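User: Could you take a close look at one part of this model for me? I'd like to hear about a charged cluster and what sits around it.

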Amino acid sequence: MKTRFDPTTLEIYRALFTSVAEEMGIALRRTAFSPNIKERRDYSCAVFDAKGRVIAQGDHMPVHLGSMPMAVAATLDEIEFAPGDVVAVNDPFAGGTHLPDVTLVSGVFRRETGGRGDAEKRGSPRPRIAPSPRLFFYLANRAHHADIGGATPGSMGLATDIYGEGIRIPPIRLVRNGTLDRDTMRLLLANVRGNVERRGDFDAQIGSLKTGATRLLEIIERRGEREATEYAAQLIDYSARLMRHTIASIPDGVYEAEDALDDDGVEDRPVKIAVRVTIKGERATVDFSGSAPQVIGAINAVEAITVSAVSYVFRCLVGGEIPASAGLMQPIEVIAPPGTVVNANPPASVAGGNVETSQRIVDALFRALSQALPDRVPAASQGTMNNLTIGGIDTRTSQEFSYYETVAGGMGARPSLDGMSGVHTHMTNSLNTPAEALEYAYPLRVREYRLRRGSGGEGKQRGGDGVVREIETIVPARMSLLADRRKRGPYGLHGGSEGAPGVNSVNGQPIVAKGSHELKAGDRIRIETPGGGGWGEATS
């Protein structure tokens, strides 16, 4: 029998727990060193109950948030937390996404307070034994570090296995009993570029966890242990009920679709994503059998990425607010066969699975669901994050630098509205690095930054336009590009036309969308991002 709850109190707790995650994000952003975190906001924060179930998330990066619960679960399988511990993990095969995304996890403990023991009341000289601290919650944040080692600056190059992508971190203690483990930190910093910036970002993540713990303990102090833990569980149940209701509103049936990535960067052939969505009553099964086998290049996705994309798509279908808790996925089964591009086995290269394949999974899912919900699903957005990394020696400081960003593009047209232009969509929720911040932090110069007019697909509702971003390097450097939707543009729906594919060049000469290049001082990298697809037939 379920515990009765007060709806008003439930909403108060939804706001309370969400505010903890949001404040963690603010603390992380304000104290981070790298522009990628403090300017682009490439991070996410979440609150978990004592069982490791997510109960609240900030409005951060969808690709992080849907996969972070699996990283926390893998961490709890390996580590028994004590007060003051902070555990780091980035292993994609242990709930991570790709190596630059480093997750930190900590427990929130509170020493239970009680009355004096019977022996003390009787005046016994025996000393009172202090009660052990009790664990009430876990906290986690995930931040994309601008470099985590590997063969190329930015750790987003075209490696053919995970060992070439950077340092792989299984769940390990970074802080023990409140004290930084300096040996562990030295080991990490010895394997990355720009280690002063990396150290600053790790410190910001640790501080963010402390902020979250302080706020959660305040909630417990104010509302009481029993009520806080009960309503954490109620939030999970409430999310599950809302998701079941949403699935029940989709007509029963089987809906199938396919899409593809241009190539894996090594072999010049499309990489298929196939999905079969079965809706039956209040449950959904999302089956990716038929997707391509895992590939040599860096676009393999791990299971956490695929689950994250499914969670994102179905959350988009919910009308109104829904607590971002573990209940979201209770009515949904995901079938992602091991050894495929949507659930790769180690030691597959996975840098692009997080940023490129996740977007194509979303495109395939929405295309399938558009058959069931033709008036609710948008056309395809740009379908890529246009990952650009540049690294070398900054002659102003004689220090290594590593610049990373994703570049916005066009949003797909919606059934009743045009798509927005120059925005990050779907699995990313980041910003473009402001030109002033980029030029201040790195030996780079922004030569052009504007909308790519006319790149959105035609239709009754027009797709949003992409972006033109041209960057000049003022020192010799090495760049890597990891992008997609260059050979075929984002699809339109219901008679709308495709958006324009993306274009890349160095000094006006076309370059492939996945690869690395040596640059001289004065070289210019130009990225023209895809426009979104159109929706409906255009009217004359």
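Analyst: Aspartate 363 and arginine 485 form a salt bridge, with their closest N and O atoms 3.0 Å apart. Keep in mind that this is a predicted model. Aspartate 363 sits in helix H10, while arginine 485 is in the loop between S16 and S17, so the pair ties together parts that are 122 residues apart in sequence. Both residues are buried.

Arginine 485 has another acidic partner: its side chain also meets that of aspartate 259 in a salt bridge (3.0 Å, N to O). Aspartate 259 belongs to strand S8 (residues 253-261), so here the loop between S16 and strand S17 (503-506) gets tied to a part 226 residues away in sequence. Aspartate 259 is buried, just like arginine 485.

Zoom out a little and these residues belong to a network of salt bridges, which links Asp259, Asp263, Asp268, Arg360, Asp363, Asp484, Arg485, Lys487 and Lys514. Over the whole structure, a search turns up 44 salt bridges. One of them joins the side chains of arginine 110 and glutamate 225 at 2.4 Å, N to O. That pair also links distant parts of the chain, with arginine 110 in strand S4 (residues 101-111), glutamate 225 in helix H8 (residues 225-248), and their positions 115 residues apart. Arginine 110 and glutamate 225 are buried too.

Back to the surroundings of the cluster, starting with the sheet. Four strands make an open sheet in the order S13-S12-S16-S19, paired antiparallel. Strand S13 (399-405) and strand S19 (514-519) are the edges, each pairing on one side only. From one strand to the next, the twist averages 15°. In the middle, strand S12 (residues 387-394) and strand S16 (residues 477-482) run antiparallel and are joined by six bridges; leucine 388, for instance, has leucine 481 in S16 as its bridge partner. Helix H10 (residues 351-369), the one carrying aspartate 363, packs on this sheet and touches S12, S13 and S16, its direction making about 45° with that of S16.

What about the nonpolar side of things? The largest nonpolar core has 113 residues, and Phe137 and Phe314 have the most contacts inside it. A second, separate core holds 20 residues, including Ile390, Tyr403, Ile471 and Ala513.

One more spot involves the start of H10, which spans residues 351-369: the side chain of glutamate 165 reaches the backbone nitrogen of alanine 351 at 3.0 Å. Glutamate 165 is in the loop between strand S5 (133-144) and strand S6 (172-176), and it's buried, with a relative accessible area of 3%.

Conventions. Residues numbered from 1 in each chain as written. Predicted model: local features only at pLDDT ≥ 70, side-chain atom pairs only at ≥ 80, totals over all residues. Heavy atoms only, no water. Helix = DSSP H or I, 4+ residues; strand = E, 2+ residues; numbered from the N terminus. Buried < 20%, exposed > 50% of the residue type's maximum accessible area, 1.4 Å probe, protein only. Polar contact = N/O pair within 3.5 Å; in protein donor to acceptor, adjacent residues only side chain to side chain. Pairing = 2+ DSSP bridges. Axes fitted to C-alpha atoms, helices over the stretch in contact; angles between N-to-C directions. Contact = heavy atoms within 4.5 Å. Core = buried A, V, L, I, M, F, W, Y, C linked by side-chain atoms within 4.5 Å. Salt bridge = Lys/Arg side-chain N within 4 Å of Asp/Glu carboxyl O.
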